[in-house]
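Reader: I would like to learn how to read the packing of a helical protein from its coordinates. Could we begin with a single helix and work outwards from there?

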Amino acid sequence: MEGKNEQRAGLLYGIGAYVMWGLVPLFWPLLKPSGAIEILAHRMVWSLGVVTIALLAVRRWAWIGELVRDRRKLALISVAAATITVNWGLYIWAVNNGQVVEASLGYFINPLVTIAMGVLLLGERLRPVQWVAVATGLAAVLVLAIGYGRPPWISLVLAFSFATYGLVKKKVNMGGLESLAAETAVLFVPALGFLLWLAATGKSTFTAGETGHGFLLAATGIVTAIPLICFGAAAVRVPLSTLGLLQYLAPIFQFGLGVVYFKESMPPERWAGFALVWLALSLLTWDALRTARRNRALAVKLLATAAAAPATATPTPEGAAILPGDAAPLGGTTTPAPEAATTTGTEAPNPTQQKIT
């Protein structure tokens, strides 16, 4: 019963995180007349404050010393900070300039871009269904380019920057709260310097605006950190495959807001492009669920075989013994756990890379 309660709580945390990310386009317009760069700088500065408080609450500090001593990780964190700066800044600009639908497309195609990067950069192999999904995604981009009269560059930059960010985060291998703290620490000095320059030149909306506007700018730290904390709580309670499905909630909400609330134009060719994207994602999801089910069945079969095997050791030609439950049956290979899905290879997209902003 306790395990079910934990999973239920994790599911609620995950839904909460992705719904908050999906509804965030409602927040950025409230910060006008602040420009996208000023909002971005405030987000960097105040996010560091919020995550510092969170780290104080959970008393997790040991990672700082390890990170400072590891130059490779520091370099990767700097790259992650640079790519998320591009992603955050462009997303804020897109929302505040009436491009919510195109921004949502970036997060719809992000799993396809992640898969393509895995093939091109990591030499990973795809199953036939995944190849079909990627090809369908490319066709969707062409259709949307015709519909927009230009390549959907906002979507592409958002997708590629976030996929790059995810790839770097995978190599860094740090927790969500810790990595956000490290990234915002890297960004803090230039962001604070920019805000001080705006104040000194009389261009700051934080100091020149009303008190309520200043509080809204400070709230960017909460808007950034709270969904991430909920995501972290979900990640330790529910399977990765479940989070992989929940990740689509955010762009669905964003798309719905763009069409219904912001009343952005959706001519037939754009609907056709989005339909192709959704078809590609449906193929990926179906293939990932089928593979996970097959892996789970294989794991159950191996456990049943091990349980039915005689309890005595069977001598090998070399005189060694392989006991039931040894780590290397079937020719010396280990069977992956059913939930061990990879990001760009043969399993479902890794939801730890899908923190939508």
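Author: Let us do so, bearing in mind that this is a predicted model. The buried residues of α14 are A250, P251, Q254, F255, L257 and G258, and they cover an arc of only 160° around the axis, which puts them on the same side of α14.

Reader: Why do residues three or four places apart point the same way in an α-helix?

Author: The general idea is that an α-helix has 3.6 residues a turn, so residues at that spacing point the same way. In the present case, the face of α14 turned away from its buried side carries V260 and Y261, which are exposed.

Reader: What span should the 13 residues of helix α14 have, and how far apart are its end C-alpha atoms?

Author: At 1.5 Å a residue, helix α14 (residues 249-261) should span 18 Å, and the 17 Å between its end C-alpha atoms agrees with this. After α14 comes K263, whose phi is positive, near 55°.

Reader: Turning to the interior, which residues of the largest nonpolar core touch the most other members?

Author: That core has 48 residues, and those touching the most other members are W28, V51, Y91 and L158. At least two core residues come from each of α2 (36-58), α3 (62-69), α4 (71-96), α5 (100-108), α8 (153-172), α9 (176-200) and α12 (220-235), with α4 giving the largest share, eleven residues. If residues up to four places away in sequence are not counted, W28 touches I39, R43, Y91, I92, V95, N96 and T220. There is also a second, separate core, of 25 residues, which includes L144, A163, Y248 and V277.

Reader: How should one read a polar residue in a loop: is S34 buried or exposed?

Author: S34 lies in the loop between α1 (2-23) and α2, and because buried means under 20% relative accessible area, its 5% relative accessibility makes S34 count as buried. The side chain of S34 makes a polar contact with that of H213, at 2.9 Å; leaving out residues up to four places away in sequence, S34 touches I39, T205, H213 and L217.

Reader: Finally, where in the protein chain is confidence lowest, and where is it highest?

Author: The mean is lowest, at 30, in helix α16 (residues 329-332), and highest, at 93, in α14. Over residues 316-353 the pLDDT is below 50, although this stretch has 76 contacts in the model beyond near neighbours in sequence. For the protein chain, the average pLDDT is 80, and 85% of the residues score at least 70.

Note on methods
Residues are numbered from 1 along each chain as its sequence is written. Side-chain values use heavy atoms; hydrogens and water are left out. Helices (H or I, at least four residues) and strands (E, at least two) are DSSP runs, numbered from the N terminus. The expected span of a helix is 1.5 Å times one less than its number of residues. Buried means under 20% relative accessible area, exposed over 50%, partly exposed in between (1.4 Å probe, protein chains only). The arc is that of the directions from the helix axis to the C-beta atoms. A nonpolar core is a set of buried Ala, Val, Leu, Ile, Met, Phe, Trp, Tyr and Cys residues joined through side-chain atoms within 4.5 Å. Contact means heavy atoms within 4.5 Å. A polar contact is a pair of N or O atoms within 3.5 Å; within protein, one must be able to donate a hydrogen and the other to accept it, and residues adjacent in sequence count only if both atoms are side-chain atoms. pLDDT is the predictor's confidence in each residue, from 0 to 100.
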